[in-house]
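Open your viewer and get your selection tool ready. We will take a short walk through this model, one stop at a time.

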Amino acid sequence: MLSRARKTPGETIFDALNVFAMIVVCFVTIYPIWYVLVNSLNDGQDGMRGGIYWLPRMFSIENYQAVFANEGIMTAMGITVAKTLIGVVIHVFFTAMVAYALSRRELIGRKFYMLMGTVTLFFGGGLIPTYMLIKDLNMLDHFLVYIIPVMFSFFDLIIFLAFFREIPEGLEEAAKIDGANDFTIFVKIIIPVSMPAVATIALFHGVYQWNDYFTGVLYVNNMDLQPIQTFLFRVVAQSSSNQIVAQTGGAINRSVTSQSIKMATMVVTTLPIVLAYPFLQKYFVKGLMIGSLKG
Amino acid sequence: MNASLNDIPVKPAAPKSKSAKLMTKWYNQRYLQVMVLLGVAWMIIFNYIPMYGIIIAFKDYNLITSISDAPWAGLEHFKAFLDDDELTSVIRNTLGISLIKLIIGFPLPIIFALFLNELRSLRFKKAVQTISYLPHFLSWVILGGILATWLSDIGIINKLLLSMNFIDEPISYLAEPSYFWSIVISSDIWKELGWSAIIYIAAMAGVSPELYEAATIDGAGRFQKMFYVTLPCIKGTIVILFILAVSGVLNSNFDQILVLKNQLNDSASNVIDIYVYKVGISQGRFSYSTAVGLIKSIIALFLLLIANSVSKRLSQTSLF
């Protein structure tokens with residue numbers, strides 16, 4: 001940070017303690033995740049004895065084989081992947097589209113539409129009226145319940161607005177002279193130059209879609225339509241993990257326990273996020289800043 | 001204004017009236033209008049229709065009749081909530097968890113950011129930061145699973161405490177109401193510490209190095225610089241986040257508590273959001289739980305306005 005010629009002894013001690021404290025914070029943050037990882041890679045029966053803290057004692061990938069052989073888990077994974085991919089594309093496109101229209105100062109009714117949206121930031125219908133709406137729309141036990149009720153967010157729209165305002169107007173003018181309409185301009189010019197904003201919102205919504213379990217709990221009873229997080233919630237909350245073992249058939253092998261399968265499922269569910277996030281880091285810090293300043 | 005060349009105005013009649021001009025202007029921006037109106041339609045359906053649905057709080061609604069056919073009930077459901085046996089425990093749990101979270105959980109990210117800001121090695125700083133916000137991206141279901149394993153009577157926490165002779169026999173922490181608040185608050189801090197610090201770190205990056213140099217020349221130590229340079233410079237950010245935190249005290253972390261609650265710890269985990277869910281969805285008392293939810297939203301709105309005006313008066317910083 002600051003270049004300094006000399007350090008006093010007090011400063012050296014301060015620096016050392018500070019580094020030490022930060023290492024402790026990192027350890028506390030990482031260790032629970034590490035614990036699950038090593039336990040998922042340990043033989044299930046052996047793991048019941050406990051005491052696996054740093055490395056697997058009896059290394060085994062059977063838990064993972066059991067997870068991937070389990071139809072219920074794989075179906076739920078498929079739902080999660082589908083709802084994340086489809087949800088992100090639709091949410092980003094739709095929200096950005098509305099934001100672009102609202103970013104144009106000549107839009108008739110712009111102030112009124114902005115007011116309409118701002119109200120939704122501070123007040124909402126709440127759980128039961130929303131539930132009734134979803135029921136009336138016949139979206140209970142339907143895949144679209146994961147997509148349509150969250151395809152738009154006025155908060156994300158504000159982040160887009162901030163980005164769109166920075167785009168030089170000349171860019172649009174040139175396209176207009178070429179005879180492009182506003183929708184074409186949005187798709188062909190605005191979206192490509194707004195990739196940082198698109199990536200930010202895609203990341204936020206992607207994480208939401210991937211992690212959300214409550215939508216499934218509330219609106220979906222059909223087991224073939226529940227995402228993996230809802231599946232895990234039902235396993236954790238109702239401790240029905242014995243069912244998974246029964247399903248997987250201890251037949252595959254006896255070393256798998258409900259606990260070890262749960263661990264492996266947790267790792268499989270979390271890994272995509274952990275792997276993706278270092279690459280997406282640079283986007284969300286910027287997005288968060290804009291969101292927080294405007295919000 | 002910026003009429004496209006292909007958008008030939010309908011009929012350029014000689015002296016146009018005001019409304020005809022508006023029509024032409026609207027027609028010329030019809031693509032934009034369709035784009036925005038799709039969003040408005042979504043908001044009407046998914047934001048405003050549920051707001052209208054709040055009307056059932058003043059009616060006796062059941063799933064068989066329609067909202068408009070349901071008989072009026074006046075303020076009956078609001079009175080029923082005030083008379084409810086669970087009222088005191090709901091208020092105690094909601095405010096208790098939120099206020100402790102505010103007192104401990106609000107300053108911690110600032111302190112973390114301050115010390116992180118003092119690290120000399122940029123690379124180390126980045127690494128710590130990256131690790132610290134990883135948990136934010138994990139779902140509460142996963143963390144709930146980890147916590148349930150760790151806190152069970154054969155879990156790692158009990159083993160650790162037993163081996164150090166802090167306790168004589170294992171405790172099922174999640175089955176004891178007395179531990180519930182601590183579990184909720186500490187796991188929330190664990191998950192969000194690094195993430196909440198991002199905004200402060202970004203704000204600190206904007207502090208001019210000249211201020212630090214001047215302070216150094218004046219003989220300020222590291223702690224003095226934190227207090228007299230860094231903190232005052234990020235005061236605005238702190239105030240805004242504090243307003244948001246105060247207005248959110250009635251929002252318990254629903255996702256988190258739903259995962260961690262169970263029959264045994266109900267007396268400590270029954271917060272307002274959980275109560276609305278339980279009474280509304282599980283017991284089907286739609287009107288009553290909507291009334292409870294409405295009370296909550298209105299109080300939250302007032303809290304936001306109060307926090308905003310207080311901070312406007314005290315520090316000239318406000319949300320709106």
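**Stop 1: a helix pair across the two chains**

Select A:Leu127, A:Ile128 and A:Pro129 in helix 6 of chain A, and you will find them meeting B:Phe286, B:Ser289, B:Thr290 and B:Gly293 in helix 16 of chain B. By class, this contact has four nonpolar, three polar and no charged residues. Please keep in mind along the way that this is a predicted model.

Now show both helices in full: residues 127–136 for helix 6 of chain A and residues 286–315 for helix 16 of chain B. Two packed helices are described by the angle between their axes and the distance between the axes. Here the axes come within 8 Å and cross at roughly 130°. Angles over 145 degrees would count as roughly antiparallel and 65 to 115 as roughly perpendicular; helix 6 of chain A and helix 16 of chain B are therefore oblique to each other.

**Stop 2: the whole interface**

Zoom out and colour the residues of each chain that touch the other. How many residues does each chain bring to the contact? Chain A brings 73 residues and chain B brings 65. On the chain B side, helix 2 (residues 30–53) gives the most, with 15 residues. Coloured by class, that side of chain B shows 42 nonpolar, 17 polar and six charged residues.

**Stop 3: the largest nonpolar core**

Next, look for the largest nonpolar core, which has 116 residues. Good places to start are the residues with the most contacts inside it: A:Val98, A:Ala99, A:Tyr100, A:Ala101, A:Phe160, B:Ala113 and B:Tyr200. Helix 4 of chain A (residues 71–103) gives the most to this core, with 14 residues. Where does the core sit with respect to the domains of chain B? Domain 1 (18–58) and domain 2 (77–315) of chain B both give residues to the core, so it lies between them. If you place a marker at the C-alpha centre of each of these two domains, the markers will be 37 Å apart.

Centre on A:Val98 for a closer look. Leaving out residues up to four places away in sequence, A:Val98 touches A:Phe152 and A:Leu157, and on the other chain B:Met35, B:Val36, B:Leu38 and B:Gly39.

**Stop 4: chain A by itself**

Hide chain B for a moment. Chain A has 14 helices and zero strands. Of its 295 residues, 39% are buried. Take the contacts in chain A between residues at least 6 apart in sequence: 72% of these join residues at least 24 apart.

Now pick helix 5 (residues 110–122) and helix 7 (residues 154–166) of chain A, which pack at an angle of about 125° with their axes 9 Å apart. That makes helix 5 of chain A oblique to helix 7 of chain A. Show the side chains of A:Gly117, A:Thr120 and A:Leu121 in helix 5, which meet A:Phe154, A:Phe155 and A:Leu157 in helix 7. This contact has four nonpolar, two polar and no charged residues.

**Stop 5: two positive phi values in a loop**

Stay in chain A and move to the loop between helix 6 and helix 7, where you will find A:Asn138 and also A:Asp141. Most residues other than glycine have a negative phi. Check the backbone here, though: A:Asn138 has a positive phi near 60°, and A:Asp141 has a positive phi of about 55°. Are they buried or exposed? A:Asn138 is exposed, with 10 other C-beta atoms within 10 Å, while A:Asp141 is partly exposed, with 13.

**Stop 6: two asparagines in chain B**

Bring chain B back and select B:Asn117, found in helix 5 (residues 107–117) of that chain. B:Asn117 is buried, with 20 other C-beta atoms within 10 Å. Beyond its neighbours within four places in sequence, B:Asn117 is in contact with B:Ile201, B:Met204 and B:Thr230. Try the distance tool on B:Asn117 and B:Thr230: they are 113 residues apart in sequence and 9.3 Å apart in space, C-alpha to C-alpha.

Finally, go to B:Asn262, in the loop between helix 13 (254–260) and helix 14 (266–269) of chain B. B:Asn262 counts as partly exposed, with 15 C-beta neighbours inside 10 Å. Add B:Leu174 to the selection: the C-alpha atoms of B:Asn262 and B:Leu174 are 7.9 Å apart, although the two residues are 88 apart in sequence.

Methods
Residues are numbered from 1 along each chain as its sequence is written. Chains are lettered from A and ligands numbered from 1 in the order in which they are written. This is a predicted model: local features need pLDDT of at least 70, side-chain atom pairs count only at pLDDT 80 or more; totals for chains, interfaces and linings use all residues. A nonpolar core is a set of buried Ala, Val, Leu, Ile, Met, Phe, Trp, Tyr and Cys residues joined through C-beta atoms within 7 Å. A residue is buried if 20 or more other C-beta atoms lie within 10 Å of its own, exposed if 12 or fewer, and partly exposed in between; C-beta atoms are placed from the backbone. Helices (H or I, at least four residues) and strands (E, at least two) are DSSP runs, numbered from the N terminus. Domain bounds come from an automatic or database domain assignment. Two residues are in contact if their C-beta atoms, placed from the backbone, lie within 7 Å. Axes are lines fitted to C-alpha atoms, for helices over the stretch in contact, and angles run from 0 to 180 degrees between N-to-C directions. Angles under 35 degrees count as roughly parallel, over 145 as roughly antiparallel, 65 to 115 as roughly perpendicular and the rest as oblique. Ala, Val, Leu, Ile, Met, Phe, Trp, Tyr, Cys and Pro count as nonpolar, Asp, Glu, Lys and Arg as charged, and the others, Gly among them, as polar.
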